[in-house]
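Biologist: Could you walk me through this model, one question at a time? I would like to follow the reasoning as we go.

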Amino acid sequence: MVPATQAAEEQKPAEPGPDPELKSWRCLVFYLCFYGFMAQMRPGESFITPYLLGPDKNFTRKQVTNEITPVLSYSYLAVLVPVFLLTDSLRYKPVLVLQGLSYISVWLLLLWGSTVLHMQFMELFYSVAMAARIAYSSYVFVLARPAHYQRMASCSRAAVLLGVFTSGVLGQLLVSVARLSFTALNHVSLAFLVFSLALALFLRRPKRSLFFNSSARGPGAASPSELHLMNPLPGLRAGGKRVAALRAAVWDSVLMRMLRELVHSLRRPQLRLWSLWWVSSSAGYYLIVYYVHILWSVVNPTEDTAAVYNGGADAASTLLSAITSFAAGFVKIRWALWAKLVIAGVTAVQAALVFLMYSTDSIWLCYVTFVLFRGSYQFLVPIATFQIASSLSKELCALVFGVNTFLATALKTIITLVVSDKRGLGLPVRSQFLISFVYFLVLFVAYFSWAMLVILQHSRRGRHQPLPVAQELRRPAEETVQVLSVKDGAFNNLEPKAPSLAPEDSMQATGWAPEEQCQQPKAKS
């Protein structure tokens with residue numbers, strides 16, 4: 001006879017072991033974040049301009065300012081749309097490999113190129129790498145279940161920021177403490193880039209994407225996107241000219257419907273306001289970021305490489321940008337009423353900082369003003385992201401941020417052509433910063449006048465207007481679903497929202513969508 005206690009022990013169910021799916025997901029997150037961290041490890045990036053102006057390359061400041069650097073704006077505008085479309089149609093991994101190859105090409109040309117034409121090709125490859133940053137921010141969400149989106153967003157964003165910060169600090173330590181030459185520092189950067197390319201080769205290729213491959217769904221994948229629902233012929237199989245023609249016609253119809261919905265969405269005042277800010281402010285911001293290293297070489301024309309602290313300044317600006325972006329999530333005001341005044345205030349601060357950079361002869365003041373300038377811009381980026389995305393569908397989010405970034409890049413390119421290029425005015429870098437100061441001053445006057453007009457109209461009514469749905473920025477704890485993420489520099493990037501994918505920027509806005517992150521409520525009308 002079996003004792004009662006023994007029988008109870010035998011009837012007790014076995015303790016469940018570790019969930020293999022959860023373990024696999026954790027390994028995937030770790031690998032993706034490690035790749036994102038290593039892809040940012042370019043310690044020589046902050047010292048490219050002094051390297052070009054130094055005895056290693058011996059280019060003149062006029063060549064760097066008016067012939068080499070402007071190519072970055074032109075080529076970025078040219079490759080932006082093709083890279084975005086390739087990212088979605090090729091399902092991310094090939095574009096990540098392309099990004100790694102582009103970065104390696106940049107540093108190969110930096111090390112062994114000797115002419116202005118070589119450096120212009122270097123800028124071309126650099127623009128391809130910048131445009132391809134959207135692939136990582138989109139890719140990290142495609143393989144995860146919707147329940148893991150928010151945690152994935154936090155991990156991937158932290159990995160990128162930590163990589164940028166560590167890269168700047170490492171570069172500064174190697175230059176100032178180890179007294180490494182700029183050439184040796186670029187060899188170190190090249191080694192990191194080769195390693196990150198090797199990591200990209202082992203990434204898993206997703207089976208679905210936002211637009212072209214949204215119907216290729218795996219286990220646990222998101223439900224069909226709104227584009228899929230709009231498609232009247234979802235069951236068409238590839239093959240044959242007739243089927244291909246029908247698919248092309250359907251795709252054109254989908255795009256036309258999205259464009260019509262986009263035009264209809266522009267009736268929302270908050271969408272117009274923040275899209276206008278995105279275009280105008282991003283253009284001015286990247287003009288400063290592209291040319292500030294040249295300005296530092298004018299303010300501090302030293303031949304002692306150990307006295308160049310560009311890496312430390314870039315690392316500090318990255319850290320402050322992360323802090324201000326996080327702090328923006330805790331700002332709760334009536335944005336429909338005060339948004340224009342807040343934008344005007346931040347723009348006034350930016351104009352003052354640009355003027356200080358233009359007028360000062362102190363390199364340390366230049367560093368501090370640049371750090372504050374980047375932090376002020378990144379403070380508004382997540383606010384703009386949420387205000388734009390909160391009332392749009394997932395596909396329209398991608399389209400709106402894509403259009404905004406394209407328009408900002410086009411505006412930046414026009415200003416570069418007129419002000420910086422030798423075929424235009426060909427101004428020296430200090431004069432360009434004076435033009436940028438006037439640009440931000442004009443923006444401040446426009447936004448401030450607009451804000452005063454809105455406040456006067458509101459005071460005459462004698463009561464608060466009810467705000468549109470989802471136009472108050474919520475605290476991060478109150479937001480339930482991750483939608484978008486924004487980067488510095490640069491076109492900024494695609495991130496998803498349950499149940500399917502939507503766009504993200506990056507820390508340095510330079511992709512189809514922004515780099516900083518915002519979240520979107522589940523319940524919307």
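Biologist: Happy to start. Leaving aside neighbours within four places in sequence, which residues is T369 in contact with?
Modeller: Please keep in mind that this is a predicted model. T369 is found in helix α16, which covers residues 363-389. Setting aside its neighbours within four places in sequence, the residues in contact with T369 are L353, L356 and M357.

Biologist: Is T369 buried or exposed?
Modeller: Buried means under 20% relative accessible area. T369 counts as buried because its relative accessible area is 2%.

Biologist: How far is the side chain of T369 from the backbone oxygen of C366?
Modeller: Here we look at a polar atom of the T369 side chain and the backbone oxygen of C366. A polar contact needs a pair of N or O atoms within 3.5 Å. For T369 and C366 the distance is 2.9 Å.

Biologist: Let's turn to the salt bridges. How many does the structure hold, and which residue pairs with K422?
Modeller: The structure holds 5 salt bridges. In one of them, the closest N and O atoms are 3.7 Å apart, and the partner of K422 is E67.

Biologist: How many residues apart are K422 and E67?
Modeller: This pair links distant parts of the chain. K422 sits in the loop between α17 and α18, while E67 belongs to helix α4 (residues 61-68). K422 is exposed, with a relative accessible area of 53%, and E67 is partly exposed at 22%. Along the chain, K422 and E67 are separated by 355 residues.

Biologist: And which residue forms a salt bridge with R430?
Modeller: The closest N and O atoms of this pair are 3.1 Å apart, and the partner of R430 is D361. The pair links distant parts of the chain, 69 residues apart: R430 is in helix α18, and the loop between α15 (335-359) and α16 holds D361. R430 is partly exposed at 21% relative accessible area. At 63% relative accessibility, the exposed partner is D361.

Biologist: D421 and R423 also meet in a salt bridge. Which of them is buried?
Modeller: Their side chains come together at 3.0 Å, N to O. R423 counts as exposed because its relative accessibility is 65%. With a relative accessible area of 3%, the buried residue is D421.

Biologist: What area does the nonpolar surface patch that includes L425 have?
Modeller: L425 lies in the loop between α17 (394-420) and α18 (429-461). L425 is exposed, with a relative accessible area of 57%. Together with I414, L417 and V418, L425 makes a nonpolar surface patch of about 370 Å².

Biologist: How far apart are the end C-alpha atoms of helix α10?
Modeller: Helix α10 has 20 residues (182-201), so at 1.5 Å a residue the expected span is 28 Å. Its buried residues include F182, L185, N186 and S189. The distance between its end C-alpha atoms agrees with the expected span: 29 Å.

Biologist: Finally, for the whole chain, what share of the exposed area do carbon and sulfur atoms supply?
Modeller: The chain contains 18 helices and 4 strands. Of its 525 residues, 53% count as buried. The chain exposes about 22,600 Å², and the share from carbon and sulfur atoms is 66%.

Key: Residues numbered from 1 in each chain as written. Predicted model: local features only at pLDDT ≥ 70, side-chain atom pairs only at ≥ 80, totals over all residues. Heavy atoms only, no water. Helix = DSSP H or I, 4+ residues; strand = E, 2+ residues; numbered from the N terminus. Buried < 20%, exposed > 50% of the residue type's maximum accessible area, 1.4 Å probe, protein only. Areas by Shrake-Rupley, 256 points an atom, 1.4 Å probe, with all protein chains shown as cover. Polar contact = N/O pair within 3.5 Å; in protein donor to acceptor, adjacent residues only side chain to side chain. Contact = heavy atoms within 4.5 Å. Expected span 1.5 Å × (residues − 1). Patch = residues over 30% accessible without salt bridge, like charges linked within 9 Å, V, L, I, M, F, W, Y side chains within 5 Å. Salt bridge = Lys/Arg side-chain N within 4 Å of Asp/Glu carboxyl O.
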